[in-house]
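Here's a quick briefing on the structure shown below. It goes through charged pairs, a helix and its cover, a surface patch, aromatic rings and one residue's surroundings.

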Amino acid sequence: MAGRFPENHILSYDLLESAYVHSGLVTDVEMYESYPATYLADAKRRHRWMRGDWQIMQWLFPQVPLAAGKEPNPLSGLSKWKISDNLRRSLVPPLTLLFLLGSFIWFPQIAWIALLLLVIVSFLPFAITFPVSLFRKPKDEPWLLHLKDICYKGGHQLKQVLFTIATFPYEAYLCTDAMVRSLWRLAVSHRHLLQWQTAEEGERTAVNDRAGIFRQMWFSPVFAILCIGLLWPYPEIFFYTIPFILGWLVIPYIVWYISQPLPEQRVELNEQEKLFLRKLTRKIWYFFETFVNETEHYLPPDNFQERPAPVVANRTSPTNIGLSLLANVSAYDFGYLSMQGVIERTTQAFLTLTKLKKYRGHFYNWYDTHTLEPLYPLYISTVDSGNLAGNFITLSHALKELIDTPVYDPVIFEGLSDTVRLGQEHIKNNPVLEELATVVAARPQPETLPSAYAN
């Protein structure tokens, strides 16, 4: 790639690089990244992408620029098609807007046909994907639940289609600005060709106040007013355009409204839901209580297989270790483990950690919990090591809080109640459990406990 591109010229390099080095197209891998939180932050990012696409337009010509001079275009027909398709995509909104405007000026009597075309183009993706999703039901999902889920998602998609129609004039303006700005910089000014912001910076500097959004989206209401002036003499046609014009007039307000942070929603659980979650929590702690023991050197086994035969996976990772350490603290918070138990289990785990072999101070990704030997192939996982580091930080703060915490905490009775409830579910009509449930429900003070329960 040395010398193949002019300096300070290429804003979007990924398509060009892949075209030159013939990298493969992977279609069976899904990648996720954070999506912009507001519409204008997304518009700013797409504006940069479009500028980058127009700045590599020269790679459609027979001669392409080098760092010094020119050479015959080495790109394949497929690579040229990819570049041209990106340009075509950015030309669709402004050309559709020109078609709409031309219809209003020269053929106002049939302007409804142009509006109908806009609606069809906007609804086409929804019309194709919704029936496909409707009949692509997972095998283990009931039809009623599937229909409910599809209708819920379809409602969101329908809102997105209506939003696309309402933002159509601004999208046309955005694409036109990106195209004109790039061509001007390429042909005339030769400045700001690499104007670029990180996604985080773009998110931070995106306009989010009402006045700023109206200033940035001024074209939509201006275009709506222009349409009113053009179609006012034709009341029978103007009637059909009212929903579109109203949407284009108020779209800055809609964008401002949907860009506001969502109000914090607090979920209030009823007693039955709380009881279900507490019993589930106690079952989860039972895994750590049972398997993180002296035999496993106080390291958590990766999993326990119940069927077809009970098998403990005697291996662990830094992520498992970190979760186990925090499970001890969580068990204390729920009343399942005493403060002494937290200290003892944490101490034993750290004594084991000092015995594990490391690579330049880093834990390997898998260890045998019986022999403490690292498992092959030996490697370091930045993900697992990062998880362990974050868990260590959390554990440090939790242990510091224990210094000023009273040894006796009434929450211990909540934990005992969860344990007794689960015992009663598995052992029906047991007199000892019945008596224990009565004692725990009374929430006695330590000094009033019968000697049989004091320990």
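First, a bit of vocabulary: helices here are DSSP runs of H or I with at least four residues, and they are numbered from the N terminus. By that numbering, Leu115 is found in helix 4. Keep in mind that this is a predicted model.

**Leu115 and its surroundings**

- Leu115 is buried, with a relative accessible area of 4%.
- Once you leave aside neighbours within four places in sequence, the contacts of Leu115 are Leu100, Phe104, Tyr240, Thr241, Phe244 and Trp248.
- Take Phe244 from that list: Leu115 and Phe244 sit 129 residues apart in sequence, yet their C-alpha atoms are 8.5 Å apart in space.

**Salt bridges**

- How many salt bridges does the count come to? The total is twelve salt bridges.
- One of them pairs Glu71 with Arg4, with the closest N and O atoms 2.9 Å apart. Glu71 is in strand 2 (residues 70–72) and Arg4 is in the segment before helix 1 (14–21), so this pair ties together parts that are 67 residues apart in sequence.
- Is Glu71 buried or exposed? Glu71 has 17% relative accessibility, so it counts as buried. Its partner Arg4 is partly exposed, at a relative accessible area of 24%.
- Asp85 and Arg88 form a salt bridge too, and their closest N and O atoms are 2.9 Å apart. Both residues lie in helix 3 (residues 77–106), three residues apart, or about one turn of the helix.
- In that pair, Asp85 counts as buried at 17% relative accessibility, while Arg88 is partly exposed with a relative accessible area of 43%.
- The side chains of Lys357 and Glu373 also meet in a salt bridge, at 3.0 Å from N to O. This pair links distant parts of the chain, 16 residues apart: Lys357 is in the loop between helix 13 (339–353) and strand 6 (358–359), and Glu373 is in the loop between strand 8 (367–368) and helix 14 (382–402).
- Lys357 is partly exposed, with a relative accessible area of 45%, and Glu373 is partly exposed with 35%.
- Asp42, Arg46 and Glu171 make up one network, joined by salt bridges that share partners.

**Helix 5 and what covers it**

- Helix 5 (residues 143–166) has 24 residues, so at 1.5 Å a residue it should span 34 Å; the end C-alpha atoms are 34 Å apart, which agrees.
- Which residues in helix 5 are buried? They are His146, Ile150, Gly154, Val161, Ile165 and Ala166.
- The cover over those buried residues includes helix 4 (111–135), helix 6 (168–189) and helix 10 (235–258).

**A nonpolar surface patch**

- There's a nonpolar surface patch of about 1,300 Å², made by Ile105, Trp106, Phe107, Ile110, Trp112, Ile113, Leu116, Ile120, Phe239, Tyr240, Ile242 and Leu246.
- Helix 3, helix 4 and helix 10 are the elements that give two or more residues to the nonpolar patch.
- Ile120, one of the patch residues, is found in helix 4. At 46% relative accessibility, Ile120 counts as partly exposed.

**Aromatic pairs**

- Searching the whole structure turns up 21 aromatic pairs.
- Among them are Phe5 and Tyr20: the ring centres are 5.2 Å apart and the planes are at 85°, so the pair is edge-to-face. Phe5 lies in the segment before helix 1 and Tyr20 in helix 1, so parts that are 15 residues apart in sequence are tied together.
- Both Phe5 and Tyr20 are buried.
- Phe223 and Trp248 make a tilted pair, at 5.3 Å centre to centre with 55° between the planes. Why does this pair tie together parts of the chain? Phe223 lies in helix 9 (residues 219–231) and Trp248 in helix 10, so the parts it joins are 25 residues apart in sequence.
- Phe223 and Trp248 are both buried.
- Ring pairs also link up a cluster: Tyr39, Phe163, Tyr170, Tyr173, Trp218, Phe219, Phe223, Phe244 and Trp248. Two members of that cluster, Phe244 and Trp248, are in contact with Leu115 as well.

Technical notes. Residues numbered from 1 in each chain as written. Predicted model: local features only at pLDDT ≥ 70, side-chain atom pairs only at ≥ 80, totals over all residues. Heavy atoms only, no water. Salt bridge = Lys/Arg side-chain N within 4 Å of Asp/Glu carboxyl O. Buried < 20%, exposed > 50% of the residue type's maximum accessible area, 1.4 Å probe, protein only. Expected span 1.5 Å × (residues − 1). Contact = heavy atoms within 4.5 Å. Patch = residues over 30% accessible without salt bridge, like charges linked within 9 Å, V, L, I, M, F, W, Y side chains within 5 Å. Areas by Shrake-Rupley, 256 points an atom, 1.4 Å probe, with all protein chains shown as cover. Phe/Tyr/Trp six-rings, centres within 6.5 Å; stacked < 30°, edge-to-face > 60°.
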